[in-house]
Amino acid sequence: MSIAVICTGTELLKGGCCNIDMQLLGAKLAGISQVPVMELSIGDHADELYFALSSALKIADTLIISGGLGPTADDITLHTVARFFGVELQEVPELKEKVKKCWMERHNSHCPKFQYKQALIVKGGRYFDNPAGVASGIGFQVSYGGKMRRIYLLPGPPSEFETVLNNGVLDDIAANAEEKLYTSGFFVCGVGEVSAARTVEELLQNHPVELAYTAMPGGTKLFISGKDSGMVNAATLLANQALAPNALEPGFFDLPSALLKKLSDRQYSFGCAESCTGGVIADLIVSLPGASTIFKGGIVSYANEIKNSLLNVPENILETYGAVSKECALAMVQGACTALNCQCAVSTTGIAGPDGGTPEKPVGLVYVAASVNGLTASRELHLRGNRRMIRERAAAGALQLLWELLNVPENSSC
């Protein structure tokens, strides 16, 4: 099975939103050992969808199309796809009733006819329930170019897209997959894409696997794929050992998740004191399910008086060394452990730019600190990029330092 993905929505091309659907889909498909061969993002125009369909069908026998199933004028996906393949549409009574009921609940008035677009499916096809919204997912088979093709249409809003995926679409794809492509991998902390690639490609040059990389703030995601699960697992283990101690355990593709697991396993509490990152670290942690088991809280101490009053950073440190200093970062992390009553903490203080830098302390200079059961360390970072990138990389640097402290012998045995 070869899969191509078409994401519709002019807002995707104008930068109005990120393509979360593709991010969700890629992870879900990898989970059933299916990796797309193509992804196209297009606007809400029939000619663009025609072109995308023609292009995708040259290399794929299964298409997954997101967006454009709603009731408005720019929701053209279903009718355009039907015209392209020459298939008929039919109204499903139970879907029509659902559309009517949803309208009545929200508007307490007669349901207008245009809303019933969401009750149509391809004749002979099936629908996938969408409890998170009105428009259902649609699946059908059709002959094109002398081959049978499987087509799946899913609503665009990410919560609905994921719900429909889990409500039968993934199971249907997995059931019809003739050949599986197994994928494994892990995140490498503090190692750039080029460095990771050089290490792994030389090591695995004689292994029948495919390698892929994603550069992230604070490191690189490494993906290893192949048709033999045993070979993929063996290659993953070799790569993981070669990149140790920077490599997370196989299966962990982000440092916050790995930290949450390690802190939870050891029953350590965690908190943070942030200046230049302004809550980025706290957001990374609380975005994860189960964060409440370890996270005590965070203090955004942007102003010096807050560093002093809430974190007990001594005034003489702020006056002598300044807020952007190793001494301040260390005092902040110790203050966080005390104020939040936690065993582990991180702190950040620096200059995110674009203004505020000096020759002595330029934009991108950041100090991070971490503490684990009283063992404390700091690190000076020189980061590049815009304000957002510097803040993200500073947060990643602080979490990486915490990870390293958790892995020193006296903490690893706890």
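Student: How much space lies in the second largest cavity?
Tutor: This is a predicted model, in which local features need pLDDT of at least 70 and side-chain atom pairs count only at pLDDT 80 or more, while totals for chains, interfaces and linings use all residues. Residues are numbered from 1 along each chain as its sequence is written, and side-chain values use heavy atoms, with hydrogens and water left out. A cavity is a set of points, on a 1 Å grid over the protein atoms alone, where a 1.4 Å probe fits but cannot get out; points are joined across faces, edges and corners, and the volume is the space filled by probe spheres set on them. For the second largest cavity this comes to about 40 Å³.

Student: Which residues line the second largest cavity?
Tutor: A lining residue has an atom within 4 Å of a grid point. By class, this lining has 2 nonpolar, 5 polar and 2 charged residues, where Ala, Val, Leu, Ile, Met, Phe, Trp, Tyr, Cys and Pro count as nonpolar, Asp, Glu, Lys and Arg as charged, and the others, Gly among them, as polar. The lining consists of Thr8, Gly43, Asp44, His45, Leu49, Gly68, Asp74, Ile76 and Thr77.

Student: Which helix gives the most to the lining of the largest cavity?
Tutor: The model has 2 cavities of 30 Å³ or more, and the largest holds about 110 Å³. Of its 14 lining residues, Leu69, Leu78, Lys117, Gln118 and Leu120 are the closest to the centre; the lining has 6 nonpolar, 6 polar and 2 charged residues. Helices (H or I, at least four residues) and strands (E, at least two) are DSSP runs numbered from the N terminus. The top contribution, 3 residues, comes from residues 77–85, that is, helix 4.

Student: Which element supplies the largest share of the lining of the second largest pocket?
Tutor: A pocket is an open set of grid points with protein on both sides within 12 Å along at least five of seven lines, and the second largest one holds about 500 Å³. Its 34 lining residues include Asp75, Pro155, Gly156, Pro157 and Glu160, which lie nearest the centre. Strand 1 (3–8), helix 1 (10–13), helix 2 (20–31), helix 5 (93–107) and helix 6 (158–176) each give two or more residues. The largest share, 5 residues, comes from helix 5.

Student: Is Glu94, in helix 5, buried, partly exposed or exposed?
Tutor: Buried means under 20% relative accessible area, exposed over 50%, and partly exposed in between (1.4 Å probe, protein chains only). The relative accessible area of Glu94 is 43%, so the class is partly exposed.

Student: Which element gives the most to the largest nonpolar core?
Tutor: A nonpolar core is a set of buried Ala, Val, Leu, Ile, Met, Phe, Trp, Tyr and Cys residues joined through side-chain atoms within 4.5 Å. The largest has 39 residues, with Phe270 and Leu402 making the most contacts inside it. The elements giving two or more residues include strand 9 (182–189), strand 12 (270–274) and helix 14 (387–406). With 10 residues, the top contributor is helix 14.

Student: Why does strand 3 count as largely enclosed by the rest of the structure?
Tutor: Side chains alternate between the two faces of the sheet in a regular strand. Here Thr62, Ile64 and Ser66 point one way and Leu63 and Ile65 the other, and all are buried. Strand 3 is largely enclosed because the buried count is 5 of the 5 residues.

Student: In strand 8, which residue is the bridge partner of Ile65?
Tutor: Two strands pair if DSSP finds at least two bridges between them. Strand 3 pairs in the parallel sense with strand 1 over 5 bridges, and 5 bridges join it to strand 8 (residues 147–154), also parallel. The partner of Ile65 in strand 8 is Leu153.

Student: Which residues does Ser66 touch, not counting residues up to four places away in sequence?
Tutor: Ser66 is in strand 3 and, at 3% relative accessibility, counts as buried. Contact means heavy atoms within 4.5 Å. On that basis Ser66 touches Ile6, Cys7, Thr8, Asp21, Leu154 and Phe161.
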